[in-house]
Amino acid sequence: MSLNLLNGNSEALELLDWFQLTGDISSLSHFEVTKSRLASPPQFHESDFIQRDLDRLDLFLKNYDDFSILFNSRLRMLPDNIEYFSLIPDLSKAKFFTALELNFFALLIEAYIQNFSSFRELVFEKDFQLKPDITQKMKRLFVNPLREFVDLSGNASYERHPVLKKLYAEVLSLEADLRITIQKASKSELYSSRMQMENYDIINDRYVLAIRSDSYNSELGPIVSRSQSGMTLFVEPFEVREKGNRRIVLLSEIEATILKLTIELSKVIHIFSDDVKSISEWILELDWLNTKATYSMKLGLTKPTLTNRFHFEINGLFHPLIKNPVRNNLLLDQGHKGLIISGPNTGGKTVALKSLCLSVLFVHMGLFVPASFAEIYPAKDLFYFSHDHQNLSEGLSSFASEAKYYLELLQILGEKNLIVIDEIFNSTSSEEASALAIAFLEEVHNRSASKIIISTHHQVLKTFMHARGDYVSAHVGFDFESNRPTYKLIIGEPGSSLAFKIFDNLSEKFGLKTQISTKAKTLLDEKHVTYESLLQELSQKKIDLDKLLANNRNLQMELRNQKASMEGILYLEREKILGDYTKKIRSYFDQAETLLAEVKKGEVTNRRSLLNEIGTIQSSLNKETPNKTISLDVDQKYSHFRPILFDDVQINMTVFSVNIKKNVRVVQLNSRRKEIQIQHGALSVWVTTASLRWPSGANPTTPSVRINIERTVKGDIEIDCRGMRLEEFQKSCEQAIDEVFCGEIPFVTIIHGHGNGILKNWLRNYLKKEYKELHFENIEGNDGCTKISFPT
């Protein structure tokens, strides 16, 4: 048995739930050929071949709405029987085809002629494009003659063929005459009293009556057939025999004519064998692309970037069979030989390993991967070993069978292998297992340039590999508040197996209070318990920190929303007052214009009266001089607080924040931008001195306990978001923009592609609305990406 997943290792593929996965994908296919292609184990392909397939799929997805509708409305009408497609290789041979088989070839040609131009935007179409004169010849010499006697469903249609039409008309006339004649015979005195059934029947192309066997005599006519019991005889009356013979002759002539026509058309289709083969490949390629595109859209898969470096970087990795999966980031760079994952059972270690293997297999299928970003080396040799290897047929224990597989692996290692092992040597003692695993890994690396990803509970193994530095350590998290795994993969340090914690939780769940775990701890070496406790504590602190950072982001967003809301209210109030003032001023101008018109007409003759009117208008204008000012400066009401200068600010000092209306602590200073990072509880934001004041009254007391928080920043300055759904795109952008806004990275370039502009339009509207302080632009006229930074 082959151990390589890319060389038909069905046993390991079954452990990866591969066939369940491909079953889900094949349900989206139309043709049985495509379904059988998915049922076959995946095969290795070179990078150029994979890139071609990925580019084709990417192009199909960019026009998915158009292409998928065209395919489903037009090409799904073709027969999906795999037996018809199996005839294609025989086209060049001297073989004759039935009318149904010829009809299948005609349907392929007609589908090509009618629909090829509709898919012209697919650049690979030129690989299948036939010369116009070839398609015209196939239609004139093959399709049109076939349609004279075979309809689109493959049934005989005689009305359009001159010879068949005449023969078939005579058959119809004879059949009408036969029905009348046999019905008259059945009612005659000779037959009526002897009949077993009233109606006539047609057996072996003969019109017959059912006669009781005990009343039959030769005068009734020849016996055509008998019932199984022998009690009924099917007799052809002499009145219809001659007409029946003539009908059979005509049917034979029709059959002979059709046979002659199919033989001639079979010879014609032999001439166009290569062209029909190319058409069938085109149609199957469209079904394959439509299947992969529909699956990619359904699950939100992402186009991977192929790399020549032996390197794997995947963000937002998830298992495609899990509903509402937890996404994880996985990085295995050139500087490390492998990745070792530890942590509690059912915490997500196996899922992470399987998801990586599936991603590599998807790449070789030319399929997008279950992630938000992926840079993958298309490994030629991919191996997956599960944690249960017991082989009863060979009489091997779990440990012996596992060792046998590893020894076989050493004999077939390629130059660059990706080896994935779930729970290495888990069926023997931890100390021996750790020693064997370390030695085995070293032997693999001595024989090849392999990358190895393993999961383990062995303390010695995870400690040794972490200390050595050539393996990346990681663990899956556990939430101690909810007593549930988080399924998040945390890169950088090993994790505790939490066996005692999980055992105590289960005991409490089942209502059993025991001292088992307490006694077990006393049996272990003190250093072991201390180490596991340290890992457990470290894991919990990491979870707490992630929650704190998440709360921080939410508070920042809420603060920005509150500020925007306040600005909106003040703006509306100012507009109302300004409108009222303008309205009154307009009324006074109207009065003045009316008075001027009256003077010009000579209607005002009293000079004193005129001056009184003018004085009244002027007095009203002076009274309406605005005595109320509206400002959008939201900190105006705090003007009694003394302003503060940037040079006066020091780290850890207390200042008053106008935005959150509380005293806050200064955490960091950015001298270049003149910005200050302030903190109040879990909230931490960057501001300028415009929103800060000297605190009024006594400074708040400083807590005796100081909490230092080190934030983990993703730090990507370029994010490729092409192919993402809008919701996923929003999450990726918000995190990156937040890092730019907080000064953690100088800028970020977001590649969203051209497409229909949904991603680009959302991003730029979001920046204009939520981050007015930031500047964005495209790079060198490329509108498919947006660079975001503070104005210089």
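**Reading Ser-29, helix H12 and a sheet**

Tutor: Let's start with Ser-29: not counting neighbours within four places in sequence, Ser-29 is in contact with Thr-34, Lys-35, Leu-38, Arg-76, Asp-287 and Thr-291. Contact here means heavy atoms within 4.5 Å. This is a predicted model, where local features need pLDDT of at least 70 and side-chain atom pairs count only at pLDDT 80 or more, while totals for chains, interfaces and linings use all residues. Residues are numbered from 1 along each chain as its sequence is written, and side-chain values use heavy atoms, with hydrogens and water left out.

Student: Why is Ser-29 called buried?

Tutor: Buried means under 20% relative accessible area, exposed over 50%, and partly exposed in between (1.4 Å probe, protein chains only). Ser-29 has 5%, so it counts as buried. Ser-29 sits in the loop between helix H2 (18-26) and helix H3 (32-39); helices (H or I, at least four residues) and strands (E, at least two) are DSSP runs, numbered from the N terminus.

Student: What makes the Ser-29 and Thr-291 side chains a polar contact?

Tutor: The term asks for a pair of N or O atoms within 3.5 Å; within protein, one must be able to donate a hydrogen and the other to accept it, and residues adjacent in sequence count only if both atoms are side-chain atoms. These two side chains come in at 2.9 Å, and the pair is listed as a polar contact.

Student: How do you know that H12 has close to the expected span?

Tutor: The expected span is 1.5 Å times one less than the number of residues. With 27 residues, H12 reaches 39 Å from its first C-alpha to its last, close to the 39 Å expected. H12 is mostly covered, with 22 of its 27 residues buried, and it is followed by Gly-300, whose phi is positive, near 70°.

Student: Why are S18 and S19 called edge strands?

Tutor: Strands pair if DSSP finds at least two bridges between them. The open sheet of 5 strands runs S18-S17-S16-S15-S19, with antiparallel pairing. Strand S18 (683-687) and strand S19 (692-693) each pair on one side only, so they are the edges.

Student: What makes S17 and S18 a pair?

Tutor: 5 bridges join strand S17 (residues 675-680) to S18, against the required minimum of two. One of the bridge partnerships is Gln-677 with Trp-686 in S18.

Student: How many disulfides turn up?

Tutor: A disulfide needs a pair of cysteine sulfur atoms within 2.5 Å, and a search of the whole structure finds 0. As for burial, Cys-357 has 0% relative accessible area, so it is buried, and Cys-785, at 7%, counts as buried too.
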